[in-house]
Amino acid sequence: MKFYGVRRGRTTGVFDSWDACRKQVYKFPDAEFKAFPTREEAWAFVSPPDPPLRKVKGPSDVSSPSTTEIWVDGSCFPQSDGSLRIGWGVLVKQESKEAYRAQGNDIPPEAVVHRNVAGEIFGILKALEWCQEQGIVEVTIYFDYQGLESWATGAWRAKLPFTQLYAQTVKASGITIHWIKVKAHSGIPENDIVDQLAKEGAMSQDMDQEKS
């Protein structure tokens, strides 16, 4: 059994199920939550000895969240010949129901230096592309690497060509984005799904395999 600590949400505390936790953090700006194996650890997270770190706010931090949720992840596997196999995975949910999922390994050569972060970036770009095709103009993106938000909002300066292109593409998408940072491998089902999709994408010989 897992216990979900909510440090920032509608109601803070420890919850016995993901559904109960999700009700407190879904659509809540800058929500902070994590799954733990014991109730004691969850409470320690909710009431830490020091104030929790506050992530940098950007122009996407607004109070009107969307009903379209995007979860992304990237994966990187070093090969014996020194090469890297990098994959991306994306899951989109609307009104709590799965609307789309995809995976792939079509990472451009100039992005390989970013390893698994390149997969996460590509996952966001693929998700935004799908949203544009569907006419979706507002989304919530759950992510675990701070650069994904900070490059897009300008809080961090994108220094390399791939991150510069990423920031430009997000800004030009015309989509309002709410960013929610989550801890990787923290027991959140959607996070686990995109983690597996990214791993499968990295090891697949086929490019950009859509699951639905």
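This report describes the fold, one helix and the aromatic contacts of a predicted model.

## Overall composition

The chain contains six helices and nine strands. It has 212 residues, of which 52% count as buried. The exposed surface of the chain amounts to about 10,200 Å², and carbon and sulfur atoms supply 52% of that area.

Contacts between residues at least 6 apart in sequence can be sorted by their separation along the chain. Of these contacts, 66% join residues at least 24 apart.

## Helix α3

Helix α3 covers residues 116–134, a run of 19 residues. From its first C-alpha to its last, α3 reaches 27 Å, which is close to the 27 Å expected at 1.5 Å a residue. The residue that follows α3 is G135, and its phi is positive, near 75 degrees.

The burial of α3 can be read from its residues. Because 14 of its 19 residues are buried, α3 is largely enclosed by the rest of the structure.

## Aromatic pairs

A search of the whole structure gives eight aromatic pairs. One of them joins W18 and F33, with ring centres 5.8 Å apart and 35 degrees between the planes; this pair is tilted. W18 belongs to helix α1 (residues 18–25) and F33 to strand β3 (residues 32–36). The two residues are 15 apart in sequence, and the pair links distant parts of the chain. W18 has a relative accessibility of 10%, so it counts as buried, the cut-off being under 20%. F33 is buried as well, with a relative accessible area of 4%.

A further pair is made by Y100 and W130. Their ring centres lie 4.9 Å apart and their planes meet at 15 degrees, so the pair is stacked, as planes under 30 degrees apart are counted. Y100 lies in strand β6 (residues 97–104) and W130 in helix α3. With their positions 30 residues apart in sequence, this pair also links distant parts of the chain. Y100 counts as buried at 6% relative accessibility, and W130 is buried with a relative accessible area of 10%.

## Cluster and charge over a ring

W18 and F33 are also members of an aromatic cluster, which they form with Y4.

Another contact with a ring involves an arginine. R22 lies over the face of Y26, and the distance from the ring centre is 4.2 Å.

Notes. Residues numbered from 1 in each chain as written. Predicted model: local features only at pLDDT ≥ 70, side-chain atom pairs only at ≥ 80, totals over all residues. Heavy atoms only, no water. Helix = DSSP H or I, 4+ residues; strand = E, 2+ residues; numbered from the N terminus. Buried < 20%, exposed > 50% of the residue type's maximum accessible area, 1.4 Å probe, protein only. Contact = heavy atoms within 4.5 Å. Areas by Shrake-Rupley, 256 points an atom, 1.4 Å probe, with all protein chains shown as cover. Expected span 1.5 Å × (residues − 1). Phe/Tyr/Trp six-rings, centres within 6.5 Å; stacked < 30°, edge-to-face > 60°. Lys NZ or Arg CZ within 6 Å of the ring centre and 35° of its normal.
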